[in-house]
Structure formats: C-alpha cells, structure tokens
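Work through the exercises below with the sequence and the model open beside you. Try each task before reading its solution.

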Amino acid sequence: MDIILLGPPGSGKGTQAKMVADKYHVKHISTGDILRENVRNGTPLGKEADSYMKKGQLVPDQLLVNIIKDRLAQPDVKGGWMLDGYPRTIPQAEALEKILPSLGQKIDVVLNIDVPDKDLVDRLSGRRMCKCGVSYHLQFNPPKVPGKCDVCNGELYHRSDDQAEAIMKRLDAYHKQTQPLIDYYNKKGITATINGSGDIKKIFAEVSKALDKKV
Ligand code: AMP
C-alpha cells in the first residue's frame, strides 16, 4: 500500500507514520529526516537546505523532487511506502504524479491529520527529538529519564525550527503552500481526514480504520 500523510507541523505525522510502518509493513519516508541527515553530514544538499529550514521556510521544490525520485526508485520501498512531509506544495504533488507511473506505483490513500493551530504551537514548542527518530513532548509524552531517549538512550535535542519564530513561519507556510493539497487530493476522492487531537492510540485507531478500508 502506498500512502501519503498530510498535516500541519506538529500534527503527529511522524509518530503516526512510525506506527503505520510497523503495522502495515510499509517504508516510512520522511523528507524532513532525509534533509536533517544531510544537514548533519554537511552534504551539498544539507548546506543548501539548512538556511531555509532554520527560518521555517520550505526548501525549493526541485531539491525535494530529486530526493523523492531517488528514494522511490530504491528496492526497499517496493512493498509499499508512507510519505511523511512530501508533497508540501502543488508542484511537488504534480511532480509525484509524473514519477509514479514509471515506477509502477500509485497513491492508494491520502491521510489528512487535522489539528487546530492553537494546539500545534504548544506541541511544537515542547517537542524534543532523538537522532534515532523518536520524538517526545516535555508535558504530554515525556521521556522516562529527562533529556534521554527511552529507546536508544541518546541525548534529546530541541529542533532549531521548533523555536517560537520558526514555528509561526512554518504554520504560515503550511496554510499558504501545503493546505491547498487537501482540496487537490479531495477532488481525486482518495483522502481520509483524521481528527489529530487527543490520545496517540486513539488517533492511530482512526488511522487504522481508514487504512483497513483500503487493504
Ligand atoms: P518536517 O520534519 O517534515 O517538519 O520538515 C522540516 C523542514 O524540512 C521543513 O520545515 C522544511 O524546511 C523542510 N522540508 C521537509 N519536507 C519538505 C518538502 N516536501 N518541501 C519543502 N521543504 C521540506
């Protein structure tokens, strides 16, 4: 099954994507994770992306289209994938539509996680991340030992784009550039909207219900 996960920053896409990947045996592909790894490794792509990411802006479409084209052509995603953080603009969605037929792939479902803006700011400012990809929240989902990852014992960090000024820019970018995708995919009749407020397990139950209709 090939799935797109849409939702504003802080809507819990990453958390839900990991749970979906485990249950439905699809590959979790997060463009944010791919970009952060490139920034950490100081690659040319990472150097170019970093300046946009720090400011809470979207990285130019062409860079993302190249990333996704390469990633979807790799053999480990043939059994199905879940895209988390791509597409984020209409041109990215259009590019994806052109790429997929040549790979023999198609989008089965678009999950749209809906969370009101006022909750997103609280979620993002309290979020703490581990390099292994697991995320925590100081108040809603704290690690067992403060500052340490429950899974790998790594040091938790506060993403530079989870600071107040960048959060507001990211929400603005979401509303202006990404939200129009909901309409775009609604018109194709492949969207399921999920209420992303409340308990992680309850949200996952809704996500599973939507996906079970497709398998
Ligand atoms: P995320 O981890 O999905 O919140 O992404 C973190 C940041 O990476 C975003 O704020 C953007 O700067 C950049 N980014 C990730 N995915 C994309 C994308 N599809 N298009 C443009 N920029 C992206």
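**Exercise 1.** In this predicted model, find which residues of helix α3 (residues 44-54) are buried, and state where they lie around the helix axis.

*Solution.*
1. Buried means under 20% relative accessible area. In α3, the residues G46, A49 and M53 are buried.
2. Seen down the axis of α3, these buried residues fall within an arc of 75 degrees, so they line one face of the helix.
3. The spacing fits a general rule: an α-helix has 3.6 residues a turn, so residues three or four places apart point the same way.
4. On the other side of α3, P44 and K47 are exposed.

**Exercise 2.** Name the element that the buried residues of α3 pack against, then describe how that element lies across the strands.

*Solution.*
1. The buried residues of α3 pack against α2 (31-41).
2. Helix α2 lies across β2 and β3 (81-84), and runs at about 60 degrees to β2.
3. Helix α4 (residues 61-72) also lies across β2 and β3, but runs at about 165 degrees to β2.

**Exercise 3.** Give the strand order of the open sheet and identify its edge strands.

*Solution.*
1. The sheet has 5 strands in the order β2-β3-β1-β4-β7, and their pairing is parallel.
2. Strands β2 (27-30) and β7 (191-195) each pair on one side only, which makes them the edge strands.
3. From one strand to the next, the twist averages 20 degrees.
4. As an example of a pair, β1 (residues 2-6) and β4 (residues 109-114) are joined over 4 bridges. L6 has N112 in β4 as its bridge partner.

Note on methods
Residues are numbered from 1 along each chain as its sequence is written. This is a predicted model: local features need pLDDT of at least 70, side-chain atom pairs count only at pLDDT 80 or more; totals for chains, interfaces and linings use all residues. Side-chain values use heavy atoms; hydrogens and water are left out. Buried means under 20% relative accessible area, exposed over 50%, partly exposed in between (1.4 Å probe, protein chains only). Helices (H or I, at least four residues) and strands (E, at least two) are DSSP runs, numbered from the N terminus. The arc is that of the directions from the helix axis to the C-beta atoms. Contact means heavy atoms within 4.5 Å. Two strands pair if DSSP finds at least two bridges between them. Axes are lines fitted to C-alpha atoms, for helices over the stretch in contact, and angles run from 0 to 180 degrees between N-to-C directions.
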